[in-house]
Amino acid sequence: MVSASPSNPAAPRGRTLLLDGITQRYGGSVAVNDVTLDIRGGELVALLGPSGCGKTTLLRIIAGFLAQTKGHVIVGGETVDGLPPNRRSVGIVFQNYALFPHMTVAENVAYGLDARGADRATQRSEAQRMLDLVKLGHLGDRYPRQLSGGQQQRVALARALAVNPSILLLDEPFAALDKNLRLDMQIEVKRIQRLSGITTILVTHDQEEALSMADRVAVLSQGRLEQFSPPTEIYDAPDSLFVNTFVGSANLLGGVLVDADRSGGKVRLDAGGLIGTRAPKGDLRPGSRVTVCLRPEHLRVDPGAEGVETLNGVVEMGLPLGATVVHEIRVGDGTAVKVSEARIDRTLLLAPGTPVRLAPIAPGLASVFAAA
Amino acid sequence: MAATLRNVTTYDLRLAAPLALGFVVFFITPLVILLALSFQADPQGTHYGLTQYVNFLGDRFSLGVLGSTLWLGVKVTLLTLLLGYPVAWLHQRAPSWAKGIIMLLVLLPLLTSVVVRTFAWVVILGRQGIVNAALASLGLIDTPLKLLYTDTGVVMALAQVQMPLMVLPLITALGRIDPNLADASSVLGAGHWRTFRKVTLPLSLPGIIAGCLLTYAAAITAFITQSLIGGGQMLFMPMYIYQQASTLQNWPFAAAISIVFLVAVLVVVSIFNVLGRLSRGYTNA
Ligand SMILES: Nc1ncnc2c1ncn2[C@@H]1O[C@H](COP(=O)(O)OP(=O)(O)O)[C@@H](O)[C@H]1O
Ligand SMILES: [Mg+2]
């Protein structure tokens, strides 16, 4: 397992996971609302959404801790709805790791093998192999309380993987780690996931984590699936206003759609200027009120800008953020627009009150949605 | 800063002074007097020696009373643990409305006097009592069973009376266990029984030990319940001491028995304490 690589045809392929119309009600409230996700074997999928959007609920349903109100969980083509957690072949790393405090690290890792009836020798050698995989081979005799947070997490990962599960579930696994350690562990988890080829679901409310680690990202809001796409698509071609604003940041500008076809649209902004956009979603027709989302890095401050796409504004504030400079600029209709630019020109930092002109760095980058 | 800290400490000590005084006057002093009394060779106190202790330790009857009292504590503690653990476990898993009801049922005995509760057991266990009436009307027995004034009766009544002392520490201990641990266990392939045996039970050990300690100490010293349910036929240490002191006016012997009993209890308590410290080291995260 350790020597296998994803391109190697002998590498183990994870099982597929299909969540088919999953709905979960708690009394009167709906925590998960008709979520369908078709996950490929070996894929790393991030469930991304704000706190309370139903991520943990969905994870608990997959693990079998919770029986869903409606829908089916199908692993490798087989429905597992009726199976208790101990017969689902799922591995979980809990947010607080949930290591058994009264067992050594090696006993923790061997726990699942013991439960499955493996003999002592197998338990010991397998536990050692898993600990080596997470680079903790020398700490098997310690107790969890004697380990750092990052080490505890590695143990939790080794324990989950030791029973060779079909699906690996990670519930906000990096939330408790400090920033440097978090990056190390993200790389580590990604490495191990690639090596083992195990289908993995990563729950997170951290968009950077989701975008950097996942093959595909499922964005959830209030129990509903907003979009399920590769990270670049989530960022560049968001399906909804929610996704556009939750992932990355966006300036929202009101306007009227004047022209739209499959290749793109044109919107007359309330702030002045006629801006080219991506093709509008849904049945937006010319004449509709729309909201245009423009990412701060898709705009530039340019005193010499000319043409229909240009907006006039006044600098409210300039923030030098090291590699970039962010200006907040009040435009014609009173909206504050953020503009983020690489600080190539070191003199670029405008004083409040400076009148400026704004323009998109390229045509057709803005997204357009029906006005909220 | 340092001055403020010192002020806080001295202030704290002064707050504890009334309690400390009460402790000295009402606990240490009587204990010292008791100890002195136990070394009197005769009730008049004409000379001193180990006579009373020699009498007690050389007397099979007295040793029998001590033994049966300590053994009674063991039986009551085991029964209370056996009955109390499921209650605490249920409380842990119950929805919050049911938690309130279970807690009320557990605490209810503490809200009534021990005398009242014990008399209720007299009614339940008597020859014409509820148990016998029920068994007879079901046709299971012809003649009433003898339950009152038996060892079984005393153990049952004591177990019920001391139940809160067992259940409350157990509820606390079970409540401290991270619920994710049971989930982690089951997802790793363990069934309910294995999860209980390997995770829940070992992690609740501090509560088991605390509960056993409290129940044991309460059961062997439960004068009222022991004497009312045990009746005249059964003699346990508290009643034995009372008879020697009050009825026979043999104060030195009563004092010596008390000291022997105290030492025996202290030995048991320190065994529990050692176990408790071990289990805490073993379960602390
Ligand atoms: N056991 C429960 N009973 C009632 N409501 C619950 C329960 N668990 C979660 N919820 C509700 O369901 C919603 C989703 O919760 P959760 O899945 O924990 O969200 P997330 O993990 O995305 O933060 C929340 O509104 C939460 O309050
Ligand atoms: Mg959550």
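Which residues is B:Tyr149 in contact with, leaving aside its neighbours within four places in sequence? They are B:Leu228, B:Ile229, B:Gly230, B:Gly231, B:Gln233 and B:Met234. Contact means heavy atoms within 4.5 Å.

This is a predicted model, in which local features need pLDDT of at least 70, side-chain atom pairs count only at pLDDT 80 or more, and totals for chains, interfaces and linings use all residues. Residues are numbered from 1 along each chain as its sequence is written, chains are lettered from A and ligands numbered from 1 in the order in which they are written, and side-chain values use heavy atoms, with hydrogens and water left out.

**Confidence**

The predictor gives the complex an ipTM of 0.82 and a pTM of 0.83. Chain B averages a pLDDT of 89, and 94% of its residues score at least 70. pLDDT is the predictor's confidence in each residue, from 0 to 100. Where pLDDT is low, the predicted coordinates should not be read in detail.

**Two tyrosines with positive phi**

Most residues other than glycine have a negative phi. B:Tyr149 has a positive one. So does A:Tyr97. Their cover is graded by relative accessible area: buried is under 20%, exposed is over 50%, and partly exposed is in between (1.4 Å probe, protein chains only). Helices (H or I, at least four residues) and strands (E, at least two) are DSSP runs, numbered from the N terminus.

| Residue | Phi | Loop | Relative accessibility |
|---|---|---|---|
| A:Tyr97 | near 70° | between strand S6 (90-93) and H2 of chain A | 6%, buried |
| B:Tyr149 | about 60° | between helix H6 (130-137) and helix H7 (151-176) of chain B | 36%, partly exposed |

B:Tyr149 and B:Asp183 are 34 residues apart in sequence. In space, their C-alpha atoms lie 48 Å apart.

**A covered helix in chain A**

Helix H2 of chain A spans residues 105-115 and is mostly covered. Of its 11 residues, 9 are buried. Among them are A:Val105, A:Tyr111 and A:Leu113. The buried residues pack against helices of both chains. In chain A these are H3 (120-133) and H4 (149-162). In chain B they are H8 (179-187) and H9 (192-203). Just after H2(A), A:Gly117 takes a positive phi of about 80°.

**A nonpolar patch on chain B**

A nonpolar patch lies on the surface of chain B, with about 1,000 Å² of accessible area together. Its members include B:Leu21, B:Phe23, B:Phe27 and B:Leu266. Patches are made of residues with over 30% relative accessible area and no salt bridge: like charges are joined within 9 Å, nonpolar side chains (Val, Leu, Ile, Met, Phe, Trp, Tyr) within 5 Å. A salt bridge is a side-chain nitrogen of Lys or Arg within 4 Å of a carboxyl oxygen of Asp or Glu. Accessible areas come from the Shrake-Rupley method with a 1.4 Å probe; for residues, only the protein chains shown count as cover.

Helix H1 (2-38) and helix H13 (251-283) of chain B each supply at least two residues. The largest share, 9 residues, comes from H1(B). B:Leu262 is found in H13. B:Leu262 is partly exposed, at 37% relative accessible area.

**Cysteines**

The whole structure has 0 disulfides over all chains. A disulfide is a pair of cysteine sulfur atoms within 2.5 Å. For A:Cys53, the closest cysteine sulfur is in A:Cys293, 20 Å away, so it is too far for a bond. A:Cys53 is buried at 2% relative accessibility. B:Cys212 is buried too, at 8%.
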